[in-house]
Amino acid sequence: MESSGPWAIFFLLAYIGAAIYFVSNSDGSFWGVILGLLQAMVWPVYLVYFGLDALLP
């Protein structure tokens, strides 16, 4: 049996924080809020990409 409770709550809190950030920076329209929620789901991808890009020559 695998228990991933602590990691799940960490990722949930990270998503909620990112969603608040991106939605608050949107223009407030329906599609702006939807785009903010989508950006909150994929921001770790950009973080890893640009982090690896900075490390590799």
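Phe10 is partly exposed in this predicted model, its relative accessible area being 47%, a value that lies between the 20% below which a residue counts as buried and the 50% above which a residue counts as exposed. The ring of Phe10 belongs to an aromatic cluster that also takes in Trp7 and Phe11. There are six aromatic pairs in the model. One of them joins Phe10 to Phe11 in an edge-to-face arrangement, with 5.4 Å centre to centre and 65° between the planes. Tyr49 and Phe50 also form an edge-to-face pair, because their ring planes stand at 75°, and the cut-off for that class is over 60 degrees; the centres of these two rings are 5.1 Å apart.

As for the overall architecture, the protein has two helices and zero strands. Helix α1 covers residues 5–24, and helix α2 covers residues 30–55. The C-alpha trace spans about 40 × 40 × 15 Å along the principal axes of the protein, and the radius of gyration is 14 Å, whereas a compact globule of 57 residues would have a value near 10 Å. Buried residues account for 9% of the 57 residues. The accessible surface comes to about 5,000 Å², and carbon and sulfur atoms contribute 75% of that surface.

Helix α2 has 26 residues, which at 1.5 Å a residue should span 38 Å, and the distance between its end C-alpha atoms, 38 Å, agrees with that expectation. The helix nevertheless bends by about 50° at Val42, and a proline, Pro44, follows within four residues of that position. Gly32, Gly36 and Ala40 are buried in α2, and the buried residues of this helix pack against α1. In an α-helix there are 3.6 residues a turn, so residues three or four places apart point the same way.

Where the helices meet can be followed from Phe22, a residue of α1. Once neighbours within four places in sequence are left aside, Phe22 is in contact with Gly36, Gln39, Ala40 and Trp43. Of these partners, Gly36 and Ala40 are among the buried residues of α2. Gly32 also lies in helix α2 and is classed as buried because its relative accessible area is 13%, which falls under the 20% limit. Not counting residues up to four places away in sequence, Gly32 touches Ser26 and Asp27. Ala8, by contrast, has its place in helix α1 and is partly exposed, with a relative accessible area of 43%.

The table sets sequence separation beside C-alpha to C-alpha distance for three pairs of residues.

| Pair | Separation in sequence | C-alpha to C-alpha distance |
|---|---|---|
| Phe22 and Ala40 | 18 residues | 6.7 Å |
| Gly32 and Ile16 | 16 residues | 16 Å |
| Ala8 and Leu38 | 30 residues | 19 Å |

Phe22 and Ala40 thus combine a C-alpha to C-alpha distance of 6.7 Å with a direct contact, and Ala40 is itself buried. For Gly32 and Ile16 the corresponding distance is 16 Å, and for Ala8 and Leu38 the C-alpha atoms are 19 Å apart.

Technical notes. Residues numbered from 1 in each chain as written. Predicted model: local features only at pLDDT ≥ 70, side-chain atom pairs only at ≥ 80, totals over all residues. Heavy atoms only, no water. Contact = heavy atoms within 4.5 Å. Phe/Tyr/Trp six-rings, centres within 6.5 Å; stacked < 30°, edge-to-face > 60°. Buried < 20%, exposed > 50% of the residue type's maximum accessible area, 1.4 Å probe, protein only. Expected span 1.5 Å × (residues − 1). Bend = angle between axes of the 7 residues up to and from the residue. Rg over C-alpha atoms; globule rule 2.2 N^0.38 Å. Areas by Shrake-Rupley, 256 points an atom, 1.4 Å probe, with all protein chains shown as cover.
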